[in-house]
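Q: Could you teach me how to read the contacts between chains and the charged pairs in a model such as this one?
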Amino acid sequence: MAEVLLPALPVMQDRVTVGALTLALLPEQEIVSVRPFKGHFEAVTDTVRKALGVMLSDSFQEETGSGGYAAFRAGHNQWFCRGPEGGNLTARLATLCDGRASVTNQTDSRVRLLLSGGGAAAIAAKLVPVDLHPSGFETGRVALTLAGHIPVVLICREPRLHYEFMVFRSLAQSLFDDIHIAMNGGIPNSERV
Amino acid sequence: MRLTCPHCGPRGLEEFSYRGDATVRRPSLEAPEEDWIAYVYLRDNPCGAHKELWYHGSGCRAWLVVERNTLTHAVHSVNAVSVEDAP
Ligand SMILES: [Zn+2]
């Protein structure tokens, strides 16, 4: 059988600007999924709080600690902790949790994009079905949702101006293109059919 | 209609899928055939209070039990499924 070779894809752009709007690839972070086992939630929360200075909160807000560490709830009994690359966060949390939680590195699974500038909320609102009005979607607010057809975690960095998208690495280019199309006044997905 | 997901907060209906009646329970393996036919095929269509399974596929991807009124459309509670909710 003939060998099938996939065409080489260009390296993903790391920044585009349209008027006052900028879409940029954010630096890599270490991302860790922490899922406390039954009966160990308090102990795991305590461990994470001591290690990173953040609570495993049931709110819709991301908790931020010192040293660039943060944590948000990523679903039922699941939290994403994140911190600077090279901080050995996964190994540290796995050791500290000592079998009381499932600790899984997710660094390779996600890419982060930041949409910035005046009108950023309006562009983000073209893609997600979540109400982004600052009265409800304030700084640190997290939404697990869809941007078009792409699952994302949307985090408000500053109402109206800065929105972070956490997206599966294999879908990052598609999301980048969709946001770029929206920034140019187009309708994402309309040209793919 | 909006459902207030315990993990995600209030979200539009388009993020959820209806996954059936949450009150049906699997009969025992020894149960008569009629019980199994009822379990597989027969569903009530209540006018009033009801318990339903919903799946938050566009959000946290959790299965939820929604208590709502099919007559007034009032939603009384939305909770993550628990062991007790297993069919
Ligand atoms: Zn949800």
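A: Contact means that heavy atoms lie within 4.5 Å, and by that rule 13 residues of chain A are in contact with 13 residues of chain B. This is a predicted model, in which local features need pLDDT of at least 70 and side-chain atom pairs count only at pLDDT 80 or more, whereas totals for chains, interfaces and linings use all residues. Residues are numbered from 1 along each chain as its sequence is written, chains are lettered from A in the order in which they are written, and side-chain values use heavy atoms, with hydrogens and water left out.

Q: What is the area buried between chain A and chain B, and which residues of chain A supply 41% of its share?

A: Buried area is the accessible area (1.4 Å probe) that two parts lose on being put together, summed over both. Between chain A and chain B it is about 1,000 Å², of which carbon and sulfur atoms give 51%. Phe60(A), His76(A) and Leu144(A) supply 41% of the area that chain A buries against chain B, more than any other three residues.

Q: How many salt bridges does the rule find across the interface of chain A and chain B?

A: Side chains of opposite charge can pair when their charged atoms come close. The rule for a salt bridge asks for a side-chain nitrogen of Lys or Arg within 4 Å of a carboxyl oxygen of Asp or Glu; it finds zero across this interface, although the count over all chains comes to eleven.

Q: Where in chain A do the partners of the salt bridge between Arg82(A) and Glu62(A) lie, and are they buried or exposed?

A: Helices (H or I, at least four residues) and strands (E, at least two) are DSSP runs, numbered from the N terminus. The side chains of Arg82(A) and Glu62(A) meet at 2.9 Å, N to O, and this pair links strand 6 (residues 79–84) with the loop between helix 1 (41–52) and strand 4 (63–64), the two residues being 20 apart. Buried means under 20% relative accessible area, exposed over 50%, and partly exposed in between (1.4 Å probe, protein chains only). Arg82(A) counts as buried at 2%, and Glu62(A) is buried at 9%.

Q: Which other residue meets Glu62(A) in a salt bridge?

A: Arg157(A) does, also with 2.9 Å from N to O; Arg157(A) belongs to strand 10 (residues 150–158), 95 residues from Glu62(A), and is partly exposed, with a relative accessible area of 30%. Salt bridges that share partners join Glu62(A), Arg82(A), Arg112(A), Arg157(A) and Glu164(A) into one network.
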